[in-house]
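Here is a quick tour of one model, with an eye on its aromatic side chains and a few of its secondary-structure elements. Have the structure open as you read.

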Amino acid sequence: LATITVGRKILPEATWVCADVLAVPDLGLGEFDTAISNPPFGNIARTGDAPGYTGSRFEYHVIAIASTLAQFGAFILPQASAPFRYSGAPYYTEVRDRECAKFEQQTRIQLGPGAGFDTSIYTDDWRGVSPKVEVAVCDFAERAVRAETPPAPAAARASPVLLAPHAGARCSEVRLKPDTTYLGRKPDTTN
């Protein structure tokens, strides 16, 4: 709760939601332009499955949920979960392990490279563990079977929403950097 109190002071224009990320589709938040996330990585305990994905990687559950809420997504993923290798590699290659292929087959979500930057240049900036990561993006609007959500009321479209990072998260676990999902809306200019 203390983190949300501080967050509200830093970003008072944001709508702060502390919830299990798997419950987000049922919160009636409406549709967003962009979802940005640095989700927890790996086989994390969760309360269920995201729409369309039944595998073990939590980061893929977050992406599947984001696809029901946003038109575009950008995600920091462990290199092993990305369908490509670029960071720290001599050149770009497409690589999909079995779980990545399962995610793509079940959800029809195709992740691609972000802005094409090598995240390995930040390896020395990590505190403690320094996982190899990639920035993966997806244009969910191009997905054939994208779940539709009703548009948010005009007053709500101008504020970003910050969500707790993982299943069973307590409010005190909301962060602005690691393990946080940000959903952003463009300001409504029709009024």
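## Aromatic pairs and what surrounds them

Let's start with Tyr-53, which counts as buried because its relative accessibility is 0%. Bear in mind throughout that this is a predicted model. Tyr-60 is in a similar spot: its relative accessible area is 0%, so Tyr-60 is buried too.

What do these two tyrosines do with each other? A search of the whole structure turns up 5 aromatic pairs. In one of them, the rings of Tyr-53 and Tyr-60 sit with their centres 5.7 Å apart and their planes at 85°, so we call that pair edge-to-face. The planes of Phe-84 and Tyr-92, on the other hand, are at 25° with the ring centres 5.8 Å apart, so that pair is stacked. Side by side:

| Pair | Centre distance | Plane angle | Type |
|---|---|---|---|
| Tyr-53 and Tyr-60 | 5.7 Å | 85° | edge-to-face |
| Phe-84 and Tyr-92 | 5.8 Å | 25° | stacked |

The stacked partners have their own burial story. Phe-84 is buried, with 2% relative accessibility, while Tyr-92 comes out as partly exposed at 36% relative accessible area. Back at the edge-to-face pair, Tyr-53 and Tyr-60 are joined by Phe-103 in one aromatic cluster.

Now for the helix that carries Tyr-60. Helix 2 covers residues 58-69, which makes 12 residues, and spans 17 Å from its first C-alpha to its last, close to the 16 Å expected at 1.5 Å a residue. How many of its residues are buried? The count is 12 of the 12, so helix 2 is largely enclosed by the rest of the structure. Apart from Tyr-60, the buried residues include Phe-58 at the start and Leu-69 at the end, and polar names show up as well, among them Glu-59, His-61, Ser-67 and Thr-68.

Strand 7 (residues 133-139) tells a related tale: 6 of its 7 residues are buried, so strand 7 is also largely enclosed by the rest of the structure. Which strands does it pair with? Strand 3 (residues 70-78) pairs with strand 7 in the antiparallel sense over 7 bridges, and there Phe-72 has Asp-139 of strand 7 as its bridge partner. Strand 6 (residues 112-113) also pairs with strand 7 in the antiparallel sense, over 2 bridges. In that pairing, Gly-112 is matched with Val-137 of strand 7.

Key:
Residues are numbered from 1 along each chain as its sequence is written. This is a predicted model: local features need pLDDT of at least 70, side-chain atom pairs count only at pLDDT 80 or more; totals for chains, interfaces and linings use all residues. Side-chain values use heavy atoms; hydrogens and water are left out. Helices (H or I, at least four residues) and strands (E, at least two) are DSSP runs, numbered from the N terminus. The expected span of a helix is 1.5 Å times one less than its number of residues. Buried means under 20% relative accessible area, exposed over 50%, partly exposed in between (1.4 Å probe, protein chains only). Two strands pair if DSSP finds at least two bridges between them. Rings of Phe, Tyr and Trp (its six-membered ring) pair if their centres lie within 6.5 Å; planes under 30 degrees apart count as stacked, over 60 as edge-to-face and the rest as tilted.
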